[in-house]
Amino acid sequence: IFKENGVPAAAEIFDYKSDNMQSAAEFAVYFPQLKLYRESLAQMLALPPEKIACRILALKIKEVITVD
């Protein structure tokens, strides 16, 4: 959570995945899950959802995948 003047201004969600998937595209199955996390955190912090970045850290393929 990033704050400005003590108030949440933005946030990032990182979800570590150790699945045995071979490409970043395969992780799209998790996008709905991350979008729900974003919506929940937006409500908790009273932030617009677009101020919350979501990323999957795909451990097996060593990639960071951004969820739009």
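**Entry 1, helix α1.** I began with helix α1, which runs over residues 31–45, and found that its 15 residues reach 21 Å from the first C-alpha to the last, close to the 21 Å expected at 1.5 Å a residue. I note here that I am working from a predicted model.

I then looked up which residues of α1 are buried, and the list is L34, R38, L41, A42 and L45. These buried residues cover an arc of only 105° around the axis, which puts them on the same side of α1. On the face turned away from that buried side I found the exposed residues P32, L36, Q43 and M44. When I asked what covers the buried residues of α1, I found that the cover includes β2 (7–17), β3 (52–58) and β4 (63–67). Just past the helix I checked A46, which follows α1 and has a positive phi, near 55°.

**Entry 2, R38.** One charged residue on my list of buried positions in α1 was R38, and I wanted to know which side chain of opposite charge is nearest to it. That side chain belongs to E39, but it is 6.4 Å away, and R38, though buried, has no salt bridge. Since the cut-off for a salt bridge is 4 Å between a side-chain nitrogen and a carboxyl oxygen, I looked for other polar partners, and I found the backbone oxygen of V67 at 3.0 Å from a polar atom of the R38 side chain. Leaving aside neighbours within four places in sequence, I listed the contacts of R38 as I13, P49, I52, A53, C54, V67 and D68.

**Entry 3, salt bridges.** Side chains of opposite charge can pair when their charged atoms come close, and I next asked how many salt bridges the structure holds. There are two.

In one, the side chains of E12 and R55 meet with an N to O distance of 3.0 Å. E12 lies in strand β2 and R55 in strand β3, so this pair ties together parts that are 43 residues apart in sequence. I checked the exposure of both partners: E12 is partly exposed, with a relative accessible area of 29%, and R55 is also partly exposed, with a relative accessible area of 22%.

The other salt bridge joins D15 and K17, whose closest N and O atoms are 3.2 Å apart. Are these two residues buried or exposed? I found D15 buried, with a relative accessible area of 12%, and K17 buried as well, with a relative accessible area of 10%.

Notes
Residues numbered from 1 in each chain as written. Predicted model: local features only at pLDDT ≥ 70, side-chain atom pairs only at ≥ 80, totals over all residues. Heavy atoms only, no water. Helix = DSSP H or I, 4+ residues; strand = E, 2+ residues; numbered from the N terminus. Expected span 1.5 Å × (residues − 1). Buried < 20%, exposed > 50% of the residue type's maximum accessible area, 1.4 Å probe, protein only. Arc of directions from axis to C-beta. Contact = heavy atoms within 4.5 Å. Lys, Arg positive; Asp, Glu negative; His and termini not counted. Polar contact = N/O pair within 3.5 Å; in protein donor to acceptor, adjacent residues only side chain to side chain.
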